[in-house]
Amino acid sequence: MTGPLIIFFVLAGLAVLGAISLILQKHPIHSALSLIVVMVALAGLYLLMGAEFVAAVQIIVYGGAIMVLFVFVIMLLNAGEEERTNFSKLATYAGIPLALAMTGFIAAAIAQSSGRLGTAAPSGTLTSTKTLSLLLFKEFVYPFELTSFLILVAILGAIVLAQREN
Amino acid sequence: VNEFLTQYAFIIVPIIKIAILVFLVLTVDAYLTWIERKVIAHIQARWGPHRVGPHGLLQPLADGVKFIFKEDPLPTNVDKAAYFLAPFITLMLALTSLAVIPFGPQRFKVFGYETHVGIADVNISLLVLFAITALGVYGIALAGWASNNKYSLLGGLRSSAQMISYELALTLSVVGVVLLAGDFSLRNIVTQQSVPGRGVLGWNIFPQIIGFLCFYVAAIAETNRVPFDLPEAESELVAGFHTEYASMKFAMFFIAEYTSMITVSCLATILFFGGWLSPFPESWGFTHYLPSVLLIPFGIWVIFDGLRYENLLGRIVLPAAGAGLAAIGAGLVVFPAVNDIAQGPFWFFAKVFTFLFVYIWMRGTLPRFRYDQLMSFGWKFLLPVSIANVVITSAVIARIWRIH
């Protein structure tokens with residue numbers, strides 16, 4: 001096993017464990033913490049693929065800003081432990097087979113196309129932030145600006161919703 | 001053994017560097033508490049610590065021993081996992097952020113492995129620092145929430161809101177510097193400020209004075225220091241987020257706070273004040289003797305100050321330390337090659353120490369913000385000013401580039 005491969009399996013394992021723990025935890029704060037672990041592990045995976053800028057932004061935006069907001073709201077609302085009800089019959093008899101089938105399909109699709117897929121970036125090479133910014137602001141400048149416009153509309157919508165009471 | 005060392009140098013050398021840095025930082029942290037207590041005491045016309053050792057110099061050691069031997073009670077109904085995790089997260093992130101800071105220009109070889117002063121030379125080191133700062137809020141928020149105490153919870157909530165608000169201004173205030181340097185690497189940002197023959201005039205502080213002021217205010221808020229120490233406002237919240245923590249866990253929050261102060265001071269030095277660069281032009285060769293000029297009189301003063309005491313410390317330890325300092329100063333005069341290497345670290349630590357002193361000075365001078373003042377200052381003043389700084393800087397840079 002080479003170095004990068006070991007790091008990949010550690011990070012991937014961390015991400016999967018975090019995701020499982022996210023669902024199994026009873027308290028919302030613990031779930032949020034598990035989600036942070038997933039985010040940070042994903043950032044590590046990006047770094048392994050040579051996308052240094054995306055890795056840093058992943059932690060700053062998802063790990064920092066968004067998840068802090070989650071934790072903040074959970075703390076502010078003082079949300080307690082979730083209550084477990086009995087599983088619905090539908091979930092037991094239809095859900096589990098469906099989930100297994102879904103996993104099977106995805107695995108089969110990956111296995112079938114694995115020969116045709118190229119490898120990710122060769123380990124060790126980094127896509128520089130400059131290259132990325134040139135792509136974003138020259139070649140894809142219109143989609144990029146449209147996306148920021150979309151976010152602006154969403155922010156305005158949020159303000160309108162929040163101000164409706166007054 | 002030699003072969004083993006050369007083969008695994010890429011693991012061994014960083015571990016040694018980390019060990020040295022952690023040791024240095026923890027020592028500086030300890031003595032920063034002593035400096036803080038002394039300076040604030042003198043601002044308030046008191047003596048400060050002066051019982052344990054000469055000038056209270058052994059006070060940090062006494063505090064350390066006290067922290068280790070204090071009882072560490074576990075409050076009832078705490079969320080155990082988060083309660084134990086919080087101080088570790090805080091301290092770990094505070095120490096990790098020091099890893100990307102370059103302390104000097106030199107590159108040298110150890111066991112045939114080329115390395116530099118600092119732990120990791122990442123080409124997005126500024127972004128890495130911000131990423132680590134962004135995670136820093138969890139430690140305090142979790143500590144406040146897990147303690148199962150209303151004061152702690154309020155402290156944690158205040159802290160999260162404050163850190164989200166000021167993180168925006170902090171990140172935007174350094175964009176001007178990044179635009180000037182065209183790089184996220186802290187090392188390159190320092191190199192870019194070294195303009196031949198201009199010395200201090202080449203530093204980023206002159207084009208980026210607004211950026212610096214925004215950065216410093218936002219950074220103080222990020223480190224929860226006076227006048228932004230609302231998460232632990234003792235007159236309102238007992239001790240805020242760390243009310244329920246005692247012993248070493250309590251100390252960990254404080255070590256983390258002082259480490260963040262060091263990180264922020266290093267960052268201010270690197271981004272705006274030329275890092276390890278001397279403020280004088282290279283042609284002023286005589287300024288190279290400044291470390292010696294400061295060290296030799298200080299060493300002699302320490303010798304005579306120590307001799308005033310009747311005990312072992314005064315008779316032997318302090319005079320020996322003073323003689324050592326004076327000898328280092330004299331050695332720098334005798335060996336110009338060593339003196340040249342010492343210039344970078346000397347200026348770096350002089351600048352960092354100045355910023356640390358300003359931190360303490362402010363704590364002794366300024367009253368705490370009210371919570372609504374804090375929020376409106378951050379969102380209605382600091383954020384627009386930093387955005388304006390980004391717009392103006394980029395406009396000026398674009399104009400200059402078009403002319404060329």
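Buried area is the accessible area, taken with a 1.4 Å probe, that two parts lose on being put together, summed over both. The model shown here is a predicted one, and by that definition its chain B and chain A bury about 2,000 Å² between them, with 80% of this area on carbon and sulfur atoms. On the side of chain B, the residues that lose the most area to chain A are B:Tyr138, B:Trp145 and B:Leu157, which together account for 30% of what that side buries. Counted by residues, the contact draws 21 from chain B and 23 from chain A.

Chain A, one of the two partners in this interface, has a secondary structure of six helices and zero strands, so that its pattern, read along the sequence, is α-α-α-α-α-α. Of the 166 residues in chain A, 22% are buried, where buried stands for a relative accessible area under 20%. Among the contacts in chain A that link residues at least 6 apart in sequence, 65% join residues at least 24 apart.

Within chain B, the packing of helices can be followed pair by pair. Helix H4 of chain B, residues 80-96, and helix H5 of chain B, residues 125-146, pack with their axes 8 Å apart and at an angle of about 155°. Because angles over 145 degrees count as roughly antiparallel, H4(B) is described as roughly antiparallel to H5(B). The crossing of H4(B) and H5(B) is left-handed. From H4(B) the contact takes B:Ala82, B:Tyr83, B:Ala86, B:Ile89, B:Thr90, B:Leu93 and B:Thr96, and the residues that H5(B) supplies include B:Ile132, B:Leu135, B:Ile140, B:Leu142 and B:Trp145. By class, the contact of H4(B) with H5(B) holds twelve nonpolar residues, four polar residues and no charged ones. B:Trp145 thus appears in two settings, being part of the contact between H4(B) and H5(B) and also one of the residues of chain B that lose the most area to chain A.

The pair formed by H2(B) and H3(B) has axes that come within 8 Å and cross at roughly 115°, and the crossing is right-handed. Here B:Ala30, B:Tyr31, B:Thr33, B:Trp34 and B:Arg37 of H2(B) meet B:Gln59, B:Pro60 and B:Asp63 of H3(B). The residues of this contact divide into four nonpolar, two polar and two charged.

The loop between helix H2 (9-43) and helix H3 (59-69) of chain B is the place of B:Ala45, a residue other than glycine whose phi has a positive value near 55°. Most residues other than glycine have a negative phi. With a relative accessibility of 72%, B:Ala45 counts as exposed, because the cut-off for that class is over 50%.

B:Asn224 likewise is a residue other than glycine with a positive phi, in this case near 60°, and its place is in the loop between helix H9 (209-222) and helix H10 (234-237) of chain B. In contrast to an exposed residue, B:Asn224 is buried, with a relative accessible area of 4%.

Helix H9 of chain B also takes part in a pairing with helix H14 of chain B, residues 336-365, in which the axes come within 12 Å and cross at roughly 60°. That angle makes H9(B) oblique to H14(B), and the crossing of the two is right-handed. On H9(B), B:Phe212, B:Tyr216, B:Ala219 and B:Ile220 meet B:Phe355, B:Val358, B:Tyr359 and B:Met362 on H14(B). By class, this contact has eight nonpolar residues, no polar residues and no charged residues.

Two further residues of chain B complete the tour. B:Asn389 lies in helix H15 of chain B, residues 371-403, and is buried, with a relative accessible area of 6%. Once its neighbours within four places in sequence are left aside, B:Asn389 is in contact with B:Ser173, B:Gln208, B:Ile210 and B:Gly211. B:Val200 lies in the loop between helix H8 (186-192) and H9 of chain B, and at 28% relative accessibility B:Val200 counts as partly exposed. With neighbours within four places again set aside, B:Val200 is in contact with B:Phe206 and B:Pro279. B:Val200 and B:Val39 are 161 residues apart in sequence, and their C-alpha atoms are 28 Å apart in space.

Technical notes. Residues are numbered from 1 along each chain as its sequence is written. Chains are lettered from A and ligands numbered from 1 in the order in which they are written. This is a predicted model: local features need pLDDT of at least 70, side-chain atom pairs count only at pLDDT 80 or more; totals for chains, interfaces and linings use all residues. Side-chain values use heavy atoms; hydrogens and water are left out. Helices (H or I, at least four residues) and strands (E, at least two) are DSSP runs, numbered from the N terminus. Buried means under 20% relative accessible area, exposed over 50%, partly exposed in between (1.4 Å probe, protein chains only). Axes are lines fitted to C-alpha atoms, for helices over the stretch in contact, and angles run from 0 to 180 degrees between N-to-C directions. Angles under 35 degrees count as roughly parallel, over 145 as roughly antiparallel, 65 to 115 as roughly perpendicular and the rest as oblique. A crossing is left-handed if the near helix is turned anticlockwise from the far one by less than a right angle, and right-handed if clockwise. Contact means heavy atoms within 4.5 Å. Ala, Val, Leu, Ile, Met, Phe, Trp, Tyr, Cys and Pro count as nonpolar, Asp, Glu, Lys and Arg as charged, and the others, Gly among them, as polar.
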